[in-house]
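Visitor: Hello! Could you walk me through what is shown here, one question at a time?

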Amino acid sequence: MLQAVLLWYKKFCSDLESIGHMFYPYNPCITNKMINGKQHTICFHVNDTMASHVSCLINDRFAEWLNSMHGHYGKAKQTHGDLHHYLAMHFDFSQHGQVRIHMKDYIESMLNDFPVQFTPDDSIPTPAPVDLHATGTSPKLPPKDAEIFPTFVAKALFFCKRTRPNIQLAVSTLCTRVKDPNQDDWRKLLCLVVFLSKTSDDEIILSVDHLDIIHWFVDTAFAVHPNFKSHTAGKMTLGRGCILNGSRKQRLKTHSSTETKLVGADDMSQLIFWTKLFMEAQGYKIRHNVLYQDNQNTILLLENG
């Protein structure tokens with residue numbers, strides 16, 4: 001199966017390159033070609049493809065080319081207009097200058113498959129309980145629930161990275177417990193699922209103020225994990241909405257909040273630098289790639305290297 005996927009990827013890449021599309025090293029599944037002075041961008045995941053160009057005729061021609069190359073295996077289905085469904089995400093471009101993205105169908109399917117059903121009276125204000133990071137001393141989960149636990153944590157991880165960054169703290173912590181979950185971990189998963197049941201209609205709204213200025217917000221929580229490790233969270237925006245985000249336990253043990261914030265900036269640095277390179281490869285010259293930091297000592301350490 002892995003060989004088949006790799007063979008397909010190499011085949012599709014060579015086909016795209018044969019018609020003038022160029023790949024850049026910062027994302028191997030995005031390619032560009034200038035057509036009539038405007039950029040034609042192709043994003044693909046296996047055989048699911050999203051094409052964008054200011055002229056719909058260019059996308060129509062691309063669809064015709066797809067069918068001429070691969071249509072004998074099955075005709076490529078097209079979606080035009082302002083509403084698109086791609087990799088379980090629903091994109092709505094109907095309002096000028098912004099895109100709204102949600103995964104309501106995916107979340108509802110997850111809730112329907114969950115072994116515990118909730119009543120309309122069940123409610124919780126936040127997906128993360130106050131003892132989120134605590135390991136607890138409760139008994140281990142029975143084998144059946146221990147098998148269910150990682151499945152639904154993985155489902156939550158899939159969509160929290162795409163449309164629901166507000167649950168990423170809870171999900172990232174639950175991910176550290178999938179190998180040996182206990183009753184406390186199950187309760188925390190229940191809190192997350194109850195929160196999702198009440199907020200399944202939430203969507204993320206993205207818009208851009210300036211394509212040449214990237215804003216990064218990174219913060220940390222000092223020694224919040226049972227082994228006294230700290231936690232890093234960060235997000236990136238071009239105006240409104242969180243385009244990229246991260247939430248993870250730090251690998252190093254730190255001795256102060258200043259040191260914790262320094263490690264947090266380093267945790268996000270790969271994504272910060274990658275984003276600038278990716279945007280410039282897409283044709284947008286970045287004037288400022290700004291990291292916002294709220295600790296003066298950390299700012300001095302970062303600026304002085």
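Guide: Gladly! Please keep in mind that this is a predicted model. Let us begin with an open sheet formed by 4 strands, where the pairing is mixed.

Visitor: In what order do the 4 strands of that open sheet lie?
Guide: The edge strands are strand 12 (244-249) and strand 13 (288-292), each of which pairs on one side only. Neighbouring strands of the sheet are turned by 15° against each other on average, with direction ignored. Read across, the order is 12-10-9-13.

Visitor: Which residue in strand 13 stands opposite Trp216?
Guide: Strand 9 (residues 213-221) and strand 13 run parallel, and 5 bridges join them. Opposite Trp216, in strand 13, stands Leu291.

Visitor: Which helix packs on the sheet?
Guide: Look for the helix touching strand 10 (231-237) and strand 12. Its direction makes about 40° with that of strand 12. The helix is helix 5 (residues 168-175).

Visitor: Now to another helix: how far does helix 2 reach from its first C-alpha to its last?
Guide: Helix 2 spans residues 56-70, which makes 15 residues. At 1.5 Å a residue, 21 Å is expected, and the model comes close to that. The reach is 21 Å.

Visitor: What covers the buried residues of helix 2?
Guide: The buried residues of this helix are Ile58, Asn59, Phe62, Ala63, Trp65, Leu66, Asn67 and His70. Their cover includes helix 1 (2-18), strand 2 (27-35), strand 3 (38-45) and strand 4 (48-52).

Visitor: Is Phe62 buried or exposed?
Guide: Phe62 has its place in helix 2. Not counting residues up to four places away in sequence, Phe62 touches Leu16, His40, Ile42, Thr49 and Ala51. The cut-off for buried is under 20% relative accessible area. Because its relative accessibility is 7%, Phe62 counts as buried.

Visitor: How far apart in space are Phe62 and Val224?
Guide: In sequence, 162 residues separate Phe62 and Val224. In space, C-alpha to C-alpha, the distance is 51 Å.

Visitor: Which element gives the most to the lining of the second largest pocket?
Guide: This pocket has a volume of about 300 Å³. Its lining residues are Arg248, Lys249, Gln250, Arg251, Leu252, Val263, Asp266, Asp267, Gln270 and Leu271. Strand 12 and helix 7 (257-281) each supply at least two residues of the lining. With 5 residues, the element that gives the most is helix 7.

Definitions and conventions:
Residues numbered from 1 in each chain as written. Predicted model: local features only at pLDDT ≥ 70, side-chain atom pairs only at ≥ 80, totals over all residues. Heavy atoms only, no water. Pairing = 2+ DSSP bridges. Axes fitted to C-alpha atoms, helices over the stretch in contact; angles between N-to-C directions. Contact = heavy atoms within 4.5 Å. Expected span 1.5 Å × (residues − 1). Buried < 20%, exposed > 50% of the residue type's maximum accessible area, 1.4 Å probe, protein only. 1 Å grid on protein atoms, 1.4 Å probe; cavity = no way out; pocket = protein on both sides within 12 Å on 5 of 7 lines; lining within 4 Å. Points joined across faces, edges and corners; volume = space filled by probe spheres on them.
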